[in-house]
Amino acid sequence: HRHKRIAQLCCHCRRVKLMTLNWDSAILFGGGKRNEEKDVVSQFTPEDDNVDKWFLPGILTDEQKQLGKQFREHLQSKGLLIENYCDELVLLRFLKARQWNIPLATSMYKAMGQWRKEHQVDELYRTFDFPELKDLLLVYPHFYHKTDKNGRPVYIEMLGKTDCAQMLNITTVDKFYKYHIWSWERFERQLLPAVSKWNGTPLLTCVVIIDLKGLSMKNFTITTQKVLSKIFKVDQDFYPEHLAVMYIINTPLIFKTIWNVISPLLEERTRKKIQVYGADYEPALKEIIPVENLLTIFGGKSEVPDHYATVGPWMDVEPCKSCTFYPEGNVDKPKLQQP
């Protein structure tokens, strides 16, 4: 009920909702107390709480390991284990998303399984064709661009340049929703395994930059809000625990109003992962992303790619190397594997 209420309040405030990639629980907006001298909502250290290492054998506690074993046995006894989506890390992510509570994690995992079956997610990932992506990127720029200092992929959305009305002229609501699902499957099946191999250590998360520069609210219609609410549910309920840290930058004045409504409703573990900045974001981004990997528009030395194409070292590593990184339909795709 809390998550539903968050979505309702966001629509009421005519919020801009993040449209691609999982952001844990309701994580467009951050938490913590506002610093009056800097337009920063949350102070986050990337290594806090072993945010990217919690699942590794040396860090996962004996109690958590036991809960993971019990969770698997419980799901198996109920006939709920999903073929090709029940490895150790998948189950641990759902447990962590529900604070290691087996009954709550079971409900979450069961709902996810029903959703995957209803939407034929495995088949969608293999066959989905989306030729309008090139045009969509021009009105909704979103892409991965290299890595941070810890080897995690950096995902960027330029929401200030997004024209939602044009998006719906280019594609249908149904196809956009399927594209969103396909993008998640690509993240788990291709990007994470490849970047983990390149990095030499398992990775589960990415760094996210949301740029609101130039944001206008005029294009966010009721239809758009409904689409975003649907996507919001996919992100929080079906692909949990993939966010390392999110930077929301160039925030407009209206964001403060939205933040005041949303902040009290977010969990502490989610708030800790988010930083919100006005125009003073460069030092924070440079602290976590090498300047040679950071876009020039953010104060770095890496040019914005033509047509907002994805760029990253994982592109030359399996399974990305031998698979298309774009939704071209009826192409051999890798099965889900642990990073």
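1. Let me start with helix H3, where the buried residues are Leu89, Val90, Leu91, Leu92, Arg93, Phe94, Leu95 and Ala97. The helix runs over residues 88–97, and eight of its ten residues are buried, so H3 is largely enclosed by the rest of the structure. Please keep in mind throughout that this is a predicted model.

2. The two ends of H3 are worth a look as well. At the N-terminal end, Asp87 acts as the cap, with a side-chain oxygen 3.0 Å from the backbone nitrogen of Leu89. After the helix comes Gln99, which has a positive phi, near 55°.

3. A word on confidence. Mean pLDDT for the chain is 82, and 76% of the residues reach 70 or more. Over residues 1–49, however, pLDDT stays under 50. The model still has 169 contacts beyond four places in sequence for that stretch, and I would ask you to read those contacts together with the pLDDT values there.

4. Now the overall layout. The chain has twelve helices and five strands. Of its 339 residues, 58% are buried. Among contacts between residues at least 6 apart in sequence, 78% join residues at least 24 apart. The chain exposes about 14900 Å², and carbon and sulfur atoms supply 50% of that area.

5. Which residues have the most contacts inside the largest nonpolar core? They are Phe71, Tyr109, Leu136 and Tyr239, in a core of 70 residues. Helix H8 (residues 173–199) gives the largest share of this core, eleven residues. There is also a second, separate core of 20 residues, with Phe143, Val207, Tyr247 and Tyr308 among its members.

6. Leu136 makes a good place to zoom in. Leaving aside residues up to four places away in sequence, Leu136 touches Phe130, His142, Met167, Ile170, Phe176 and Tyr179. One of these partners, Phe176, lies in helix H8 and counts as buried at 3% relative accessibility. Phe130 and Phe176 are both on the list of residues that Leu136 touches. The C-alpha atoms of Phe176 and Phe130 are separated by 9.0 Å, although the two residues are 46 apart along the chain.

7. On to charged pairs. Side chains of opposite charge can pair when their charged atoms come close. A search of the whole structure finds 13 salt bridges. One of the pairs is Glu185 with Arg116, whose side chains meet at 2.9 Å, N to O. Glu185 sits in helix H8 and Arg116 in helix H4 (residues 102–118), so this pair ties together parts that are 69 residues apart in sequence.

8. Are the partners in that pair buried or exposed? Glu185 has 0% relative accessibility and counts as buried; Arg116, at 7%, counts as buried too. The pair also belongs to a wider arrangement: Arg116, Asp122, Glu185 and Arg189 are linked in a network of salt bridges.

9. Two further salt bridges make a nice contrast in their surroundings. Asp148 and Arg152 meet through their side chains at 2.6 Å, N to O. Asp148 is buried at 3% relative accessibility, and Arg152 is buried at 1%. Glu282 and Lys286 form a salt bridge with their closest N and O atoms 3.3 Å apart. These two residues are four apart in helix H12 (residues 282–288), and therefore separated by about one helical turn. Glu282 is partly exposed, with a relative accessible area of 31%, and Lys286 is partly exposed at 34%.

10. Finally, do visit Thr205. Where does Thr205 lie? Thr205 is found in the loop between H8 and strand E3 (206–211). At 3% relative accessibility, Thr205 counts as buried. Beyond residues up to four places away in sequence, Thr205 touches Asp52, Arg152, Pro153, Phe187, Leu192, Glu241, His242, Leu243 and Ala244. That list includes Arg152, the residue whose side chain meets Asp148 in a salt bridge.

Note on methods
Residues are numbered from 1 along each chain as its sequence is written. This is a predicted model: local features need pLDDT of at least 70, side-chain atom pairs count only at pLDDT 80 or more; totals for chains, interfaces and linings use all residues. Side-chain values use heavy atoms; hydrogens and water are left out. Buried means under 20% relative accessible area, exposed over 50%, partly exposed in between (1.4 Å probe, protein chains only). A polar contact is a pair of N or O atoms within 3.5 Å; within protein, one must be able to donate a hydrogen and the other to accept it, and residues adjacent in sequence count only if both atoms are side-chain atoms. A nonpolar core is a set of buried Ala, Val, Leu, Ile, Met, Phe, Trp, Tyr and Cys residues joined through side-chain atoms within 4.5 Å. Contact means heavy atoms within 4.5 Å. Accessible areas come from the Shrake-Rupley method with a 1.4 Å probe; for residues, only the protein chains shown count as cover. A salt bridge is a side-chain nitrogen of Lys or Arg within 4 Å of a carboxyl oxygen of Asp or Glu. pLDDT is the predictor's confidence in each residue, from 0 to 100.
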